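These are my notebook entries on a structure that I wished to examine from its inside outwards. I record what I looked up, in order.

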Amino acid sequence: MSPWATGLVGEDIGGYRIGRYLGGGGFGLVFEASSMSTGSPFAVKVLEPSSDAQAAAEFDAEGVLLKKLLNRSGVINWVESGTAMLPVSLPSGAAAHLPVKYHVMALASGALDEILEDPARRNAIPWEERISHWRGAVLGVHQMHLSKVVHRDLKSGNCLLMVHKGNTELRLTDLGRSKDFSLPPTLAADVYASGRGDARFAPPEYLWLQGGLSETDFRRADLYGLGSLLVELATGQPMTGLAIGSWADIQKMRMQGLQDRHNGVKRDIATLRPKFYRAIEHVAVELPPAIRDEGVKLLKQLCDPEPSRRTFRPLGRVPKNPDTGLLWLLDRADIMVKRMKLGNKGSKPTRRSAS
């Protein structure tokens with residue numbers, strides 16, 4: 001854990017009193033905080049002061065995206081961003097001020113991964129509720145795509161649960177690796193080809209360094225992320241980790257990708273399909289009968305190793321509006337919710353025999 005995780009507790013940053021440390025990853029540290037003027041609770045994400053210039057640029061970009069997506073359904077609400085001057089004592093004893101970048105956001109009740117990583121807690125979640133959580137993530141990505149933004153790091157750890165008056169709503173967070181594809185690329189092509197973040201959650205094209213730079217490429221990667229999130233809801237594990245195997249197997253696959261890139265070879269990614277189908281068979285056992293067929297069909301589409309096979313396949317004419325976002329996937333989620341409700345109504349409690 002970063003020393004800043006404890007060192008910033010109790011400090012005043014931008015008019016917010018920093019409270020307990022909630023977690024972090026990469027270059028951001030997230031704290032519970034309270035407004036010093038109103039006492040209202042918020043979450044404050046702080047750029048670790050020791051971060052490099054690239055991290056600082058990405059942190060600033062995240063603030064821009066949060067502001068752009070303000071009040072979009074399924075995305076965490078942004079309040080403000082800024083830079084605060086934090087007083088520190090130098091080794092010489094002299095006083096100085098350290099600039100600290102921060103984002104202020106709505107405070108969630110917790111993250112989805114905190115529940116899914118514990119088998120007992122995960123199994124206690126009714127499947128109707130799990131599908132509702134998944135639909136919330138689909139809605140968030142749908143809204144992001146309509147705003148020309150891709151998430152690029154979809155996983156349960158980046159899904160926050162907002163509880164209000166007994167209702168739970170899922171909202172996406174951590175846009176540090178997100179990209180506004182209405183703007184030109186800001187990173188080198190090889191960075192986009194290999195993806196970023198935890199490789200266990202990465203689409204297979206990133207492991208073999210075959211990721212593309214186009215809007216379509218980014219959207220297809222998000223579709224895989226949504227499929228992987230459904231797998232997490234069922235098993236507690238991400239799709240790539242389940243299909244490829246151990247961390248050593250994933251690293252071996254990445255080394256193959258590096259060698260292929262060096263030798264000018266492009267490996268046929270469709271050869272991975274049997275591995276993914278076997279993993280989906282494992283997931284199917286965890287799905288309730290009411291949605292098993294639909295869930296398997298959906299996972300075979302969203303988590304297909306070939307990115308081009310993940311997208312919407314219209315039966316009739318292509319819609320006149322080419323950018324309908326993920327309405328088709330929201331419809332599929334609604335079908336699963338309805339089938340769960342019908343299944344629950346149709347199930348009758350068993351009577352115990354008199355003893």
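I first asked: does His142 count as buried or exposed? His142 counts as buried, because its relative accessibility is 5% (buried means under 20% relative accessible area, exposed over 50%, partly exposed in between, with a 1.4 Å probe and protein chains only).

I noted the basis of these entries: the model is predicted, local features need pLDDT of at least 70, side-chain atom pairs count only at pLDDT 80 or more, and totals for chains, interfaces and linings use all residues. Residues are numbered from 1 along each chain as its sequence is written, and side-chain values use heavy atoms, with hydrogens and water left out.

I located His142 in helix 5 (residues 127-146); helices are DSSP runs of H or I with at least four residues, numbered from the N terminus. Leaving aside neighbours within four places in sequence, I found His142 in contact with Thr324, Gly325, Leu326, Leu327 and Leu330 (contact means heavy atoms within 4.5 Å).

I then turned to Leu326. With neighbours within four places in sequence left aside, Leu326 is in contact with Val138, Val141, His142, His145, Leu223 and Leu226.

I next looked up the largest nonpolar core (a set of buried Ala, Val, Leu, Ile, Met, Phe, Trp, Tyr and Cys residues joined through side-chain atoms within 4.5 Å). This core has 74 residues, and Leu326 and Leu226 are among those with the most contacts inside it. Helix 8 (residues 215-235) gives the most to this core, with 10 residues. Another core, of 15 residues, lies apart from it and includes Leu29 and Phe31.

Conventions:
Helices (H or I, at least four residues) and strands (E, at least two) are DSSP runs, numbered from the N terminus.
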